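Got your viewer open? Let's take a walk through this model together, one selection at a time.

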Amino acid sequence: MSGKVVFVGAGPGAADLITVRGARIIAEADIVIWASSLVQPGIVAGAKPGAELVDSASASLEDIEPHYRRARDEGLLVARVHTGDPAIYGATAEQRDLIRTLGLEFESVPGVSAFSAAAARMEVEITVPEVSQSLILTRLEGGRTPMPPRETVRGFAAHGATMALYLSAARNKVLQEELLAGGYPPDTPCIIGHQVTWPDELMLRCELADLSATMREHKLWKHTVVLVGPALAEGPIATRSHLYHPGFRHEYRAAEPDAQADLRSHGTRGVTEEIR
Ligand SMILES: C[S@@+](CC[C@H](N)C(=O)[O-])C[C@H]1O[C@@H](n2cnc3c(N)ncnc32)[C@H](O)[C@@H]1O
């Protein structure tokens, strides 16, 4: 008899944004551990009759351990439900250590993270050709959780790429200052997503110079993700991808000669050759 713990990504909130696999694990689990402060009740509503539902909102790792022990001793399946994607600020590494020590099996089911949900709700692309091809996912340093010394918002801002900021809403004034000090221009587009896909979701747009004032005006101290970067600008984009350009040849499509000449004359030969 061997129990198992499955870390399940609940997604950002809406009950239909969990993966099919994650929902199946919750439906099959003998014990469902979830944090009511972060995960919407609809996510665990599909637990089977008789399943034990454990609210971990105020629990420490030590409080969770007896449930894992029981799962091991009785050969039970535990769904450990985490908001968004369990791999992002999910504190799953320390749980894996514990589960290993206890001799249980474990696996993970990914989920839709807050940044992804916010981008979808505002209909933006995080990686716009020739504008930003990178996403930096981080949190503001200087809070109660220590950060590695080289991971600073100011340092990351110097790249000018798209940035997703978690766990940073309460210190929005410092956040804005650090983003500006790192080199984002004051008119850089920002998206603020509060309780994205929850019933009381609030989605806002502003320029970086107004980020803190906007967050203060709406009292957004928690459950908020901030996206920053030039790729988030509204309106038509000035560039297009090579992949869908008729002049771009790849494994599954020949290039149209005129379009290919046009693409090359705009100085994109390097990229075309790189992907060949
Ligand atoms: C402990 S972290 C968990 C992140 C989660 N694992 C994920 O992938 O989205 C909690 C932070 O994630 C962000 N977050 C998670 N879900 C959110 C949502 N639905 N709307 C806005 N922000 C969210 C907020 O920054 C919040 O403070």
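## First stop: an odd alanine

Select Ala-91 and look around it: this residue is exposed, because just 9 other C-beta atoms lie within 10 Å, and a residue with 12 or fewer counts as exposed. Keep in mind that you're looking at a predicted model. Ala-91 sits in the loop between strand 4 and helix 4 (92-102). Now check its backbone: Ala-91 has a positive phi of about 50°, although it is not a glycine. Most residues other than glycine have a negative phi.

Next, jump to Thr-197, in the loop between strand 8 and strand 9. Here too phi is positive, at about 70°, and again the residue is not a glycine. Is Thr-197 buried or exposed? Thr-197 is buried, because 21 other C-beta atoms lie within 10 Å and 20 or more is what it takes.

## Zoom out to the whole chain

Show the full protein chain as a cartoon. You should find 10 helices and 10 strands. The C-alpha atoms fill a box of roughly 70 × 50 × 35 Å, taken along the principal axes. Of the 276 residues in the chain, 35% are buried. Look also at who touches whom: among contacts between residues at least 6 apart in sequence, 69% join residues at least 24 apart.

Now color by domain. Domain 1 covers 4-112, domain 2 covers 115-232 and domain 3 covers 240-276. The C-alpha centres of domain 2 and domain 3 lie 34 Å apart.

## Into domain 1: strand 1

Select residues 4-9, which make up strand 1. Of its 6 residues, 5 are buried, so the strand is largely enclosed by the rest of the structure. Which strands does it pair with? One partner is strand 4 (residues 77-82), parallel to strand 1 over 6 bridges. To see one of these pairings, show Lys-4 and its bridge partner in strand 4, Leu-77. Another partner is strand 5 (residues 105-109), again in the parallel sense, with 5 bridges. For this pair, show Val-8, which stands opposite Val-109 in strand 5. If you switch on hydrogen bonds, remember that strands of a sheet pair through backbone hydrogen bonds, either parallel or antiparallel.

## Over to the five-stranded sheet

Now pick out strands 6 to 10. These 5 strands form an open sheet in the order 6-7-10-8-9, with mixed pairing. At the edges you'll find strand 6 (135-139) and strand 9 (202-207), each pairing on one side only. Neighbouring strands of this sheet are turned by 20° against each other on average, ignoring direction.

Take a look at the strand 6 edge. Strand 6 and strand 7 (residues 162-166) run parallel and share 5 bridges. Show Ile-136 and you'll find its bridge partner, Met-163, in strand 7.

## The helix across the sheet

Add helix 5 (residues 114-121) to your view. This helix lies across strand 6, strand 7, strand 8, strand 9 and strand 10, running at about 65° to strand 10. How many of its 8 residues are buried? The count is 6, which leaves helix 5 mostly covered. The buried ones are Ala-114, Phe-115, Ser-116, Ala-117, Ala-118 and Ala-119. Among the elements covering them are strand 6, strand 7, strand 8 and strand 10. Just after the helix, click on Glu-123, which takes a positive phi of about 55°.

## Find the ligand

Now select the ligand and show what surrounds it. Which of the 23 residues around it come nearest? They are Pro-12, Gly-84, Ser-113, Ala-114 and Val-196. You've already met Ala-114, one of the buried residues of helix 5. By class, the shell holds 9 nonpolar, 12 polar and 2 charged residues. Domain 1 and domain 2 each provide at least three residues of this shell. Strand 8 (189-194) and strand 10 (224-228) each supply at least two.

## Last stop: helix 9

Finish with Ala-259, in helix 9 (residues 257-265). Ala-259 has 13 C-beta neighbours inside 10 Å, so it counts as partly exposed. Which residues does it touch, leaving aside neighbours within four places in sequence? Ala-259 is in contact with His-245, Pro-246 and Gly-247. Try the distance tool on Phe-248 too: its C-alpha atom is 7.9 Å from that of Ala-259, and the two residues are 11 apart along the chain.

Methods
Residues are numbered from 1 along each chain as its sequence is written. This is a predicted model: local features need pLDDT of at least 70, side-chain atom pairs count only at pLDDT 80 or more; totals for chains, interfaces and linings use all residues. A residue is near a molecule or strand if its C-beta atom, placed from the backbone, lies within 6 Å of it. Helices (H or I, at least four residues) and strands (E, at least two) are DSSP runs, numbered from the N terminus. Ala, Val, Leu, Ile, Met, Phe, Trp, Tyr, Cys and Pro count as nonpolar, Asp, Glu, Lys and Arg as charged, and the others, Gly among them, as polar. Domain bounds come from an automatic or database domain assignment. Two strands pair if DSSP finds at least two bridges between them. Axes are lines fitted to C-alpha atoms, for helices over the stretch in contact, and angles run from 0 to 180 degrees between N-to-C directions. Two residues are in contact if their C-beta atoms, placed from the backbone, lie within 7 Å.
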